[in-house]
Amino acid sequence: MTKVNNTEESIIHFLTKEYKNKSKHIRAYKLIRLLSLSQSVLRYMIKFKKVINLRNPKDLNQKIIWLAFNNEDFSWTMLADKLGVHDYLKALNLYNLSVPVYKVWNRAEDIDFSLLPNSFVIKTNHGCGDVFVVKDKNKVDENDIKKKLDYYMHKPYGLVTGEPHYLRIKPYVFAEKILDNDSSLSSSIIDYKFFCFHGEPKCVLVCYDRKGLSAQKIVYDLDWNIREDLTNLSNDSIIKNIPKPKSFDVMVDACRKLGKPFDFTRIDFYESGEKPYFGEMTFTPAAGRSTALSQKALNWLGVFINCKK
């Protein structure tokens, strides 16, 4: 576990205690971790055509996998929870950056669309990609959305991806405000992903023109220069000069507060109406198998994580 000062330690301790009281966790967690580790190592080998050396990890991807199985910090679970993280935001006086939540349900079958505005986003709190953007609720199949969300709620996310801390999250379904896309340069709201080490951002992965789980991506440094050398570009890449967000300084300041206690975390933001909105904290982006960053970037960022302490 990362060493933190007394103030940070008390915040994490308080939130962890509160979170444990709210949810039940998988009893066989330690045994499942072993299965998850084997899946992670296998998937890494298949994707990158090489064997990972977890005794001496080098780049960011490898060190993320190392951290995932050598970190018993319970706060990872609480902060990866898209609802649980709100307590952390409140503790740091950053709750004003959260996206307004309309309603939370224990079961997908209990979702009452009549209680929601005409447009909203609905998703689970513990997975990835299980999101429905509803722009007009009168034009969607409510039963189909409920059925799919019920499936996502019962799916043990984190098991086969190699992210065991997700397995301890109690699943919920929640609906939140849909953020307006103000940019004429992107078909979707732009996603700013800050790679932070003890809260200090080193670079920003900017995602735009999103379609489902895929998106155009480019890395910027903190002076807002495009860094093609840090981006894993492909033949399908379309590089756009995305303007620096108006609330960039607020985002950076929030990153420093949110990420300070942790060796590494990726902290995501959106901007709508020139106002920053917190997206999520991710300790294991792409489960340690990211292809968005170049090998140069992975090697550079990996230096900031010490796996030998």
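Helices (DSSP runs of H or I, at least four residues) and strands (runs of E, at least two) are numbered here from the N terminus, and by this reckoning the protein chain holds 8 helices and 9 strands. The model is a predicted one, in which local features need pLDDT of at least 70 and side-chain atom pairs count only at pLDDT 80 or more, whereas totals for chains, interfaces and linings use all residues. Residues are numbered from 1 along each chain as its sequence is written, and side-chain values use heavy atoms, with hydrogens and water left out.

Some totals for the chain come before the details. A residue is called buried under 20% relative accessible area, exposed over 50% and partly exposed in between, with a 1.4 Å probe and protein chains only; on that scale, 52% of the 309 residues of the protein chain count as buried. The chain exposes about 15400 Å², of which carbon and sulfur atoms supply 50%, the accessible areas coming from the Shrake-Rupley method with a 1.4 Å probe, and for residues only the protein chains shown count as cover. If contact is taken to mean heavy atoms within 4.5 Å, then among the contacts in the protein chain with a separation of 6 or more, residues 24 or more positions apart account for 63%.

We can now turn to a sheet. Strands of a sheet pair through backbone hydrogen bonds, either parallel or antiparallel. Here an open sheet of 4 strands has the order 1-4-2-3, with antiparallel pairing, two strands being paired if DSSP finds at least two bridges between them. Its edge strands are strand 1 (101–105) and strand 3 (131–134), each of which pairs on one side only, and the twist from one strand to the next averages 15°. Within this sheet, strand 2 (residues 120–124) and strand 4 (residues 173–176) run antiparallel and are joined by 4 bridges, with V121 standing opposite E176 in strand 4. Helix 6 (residues 142–154) lies across strand 2, strand 3 and strand 4, and runs at about 35° to strand 2; for such angles, axes are lines fitted to C-alpha atoms, for helices over the stretch in contact, and the values run from 0 to 180 degrees between N-to-C directions.

Charged pairs come next. Side chains of opposite charge can pair when their charged atoms come close. With a salt bridge defined as a side-chain nitrogen of Lys or Arg within 4 Å of a carboxyl oxygen of Asp or Glu, the count comes to 16 salt bridges. In one of them, D191 pairs with R210, the closest N and O atoms being 3.7 Å apart, and this pair links distant parts of the chain, as D191 is in strand 5 and R210 in strand 6, 19 residues apart. D191 counts as buried because its relative accessibility is 4%, while R210, at 32%, counts as partly exposed.

Strand 5 also carries K193, which forms a salt bridge with D268, where the closest N and O atoms are 2.9 Å apart. Because K193 lies in strand 5 and D268 in strand 8 (residues 265–272), the pair ties together parts that are 75 residues apart in sequence; both K193 and D268 are buried. In a further salt bridge, K296 pairs with D229, with 2.7 Å between the closest N and O atoms. This pair links K296 in helix 8 to D229 in the loop between strand 7 (214–220) and helix 7 (248–259), 67 residues apart. K296 is partly exposed, with a relative accessible area of 48%, and D229 is partly exposed as well, at 30%. Salt bridges that share partners join K82, D191, K193, R210, R266, D268 and E280 into one network.

Two loop residues deserve a look at their backbone. H198, in the loop between strand 5 (191–197) and strand 6 (200–211), has a positive phi of about 50° although it is not a glycine, and at 37% relative accessibility H198 counts as partly exposed. A286, in the loop between strand 9 (275–282) and helix 8 (295–302), likewise is not a glycine yet has a positive phi, of about 55°; its relative accessibility of 46% means that A286 counts as partly exposed.

Finally, there is a feature of the surface. L42, M45, I46 and V51 make a nonpolar surface patch of about 370 Å², where patches are made of residues with over 30% relative accessible area and no salt bridge, like charges being joined within 9 Å and nonpolar side chains (Val, Leu, Ile, Met, Phe, Trp, Tyr) within 5 Å. Of these residues, L42 is placed in helix 2 (residues 29–48) and, at 38% relative accessibility, counts as partly exposed.
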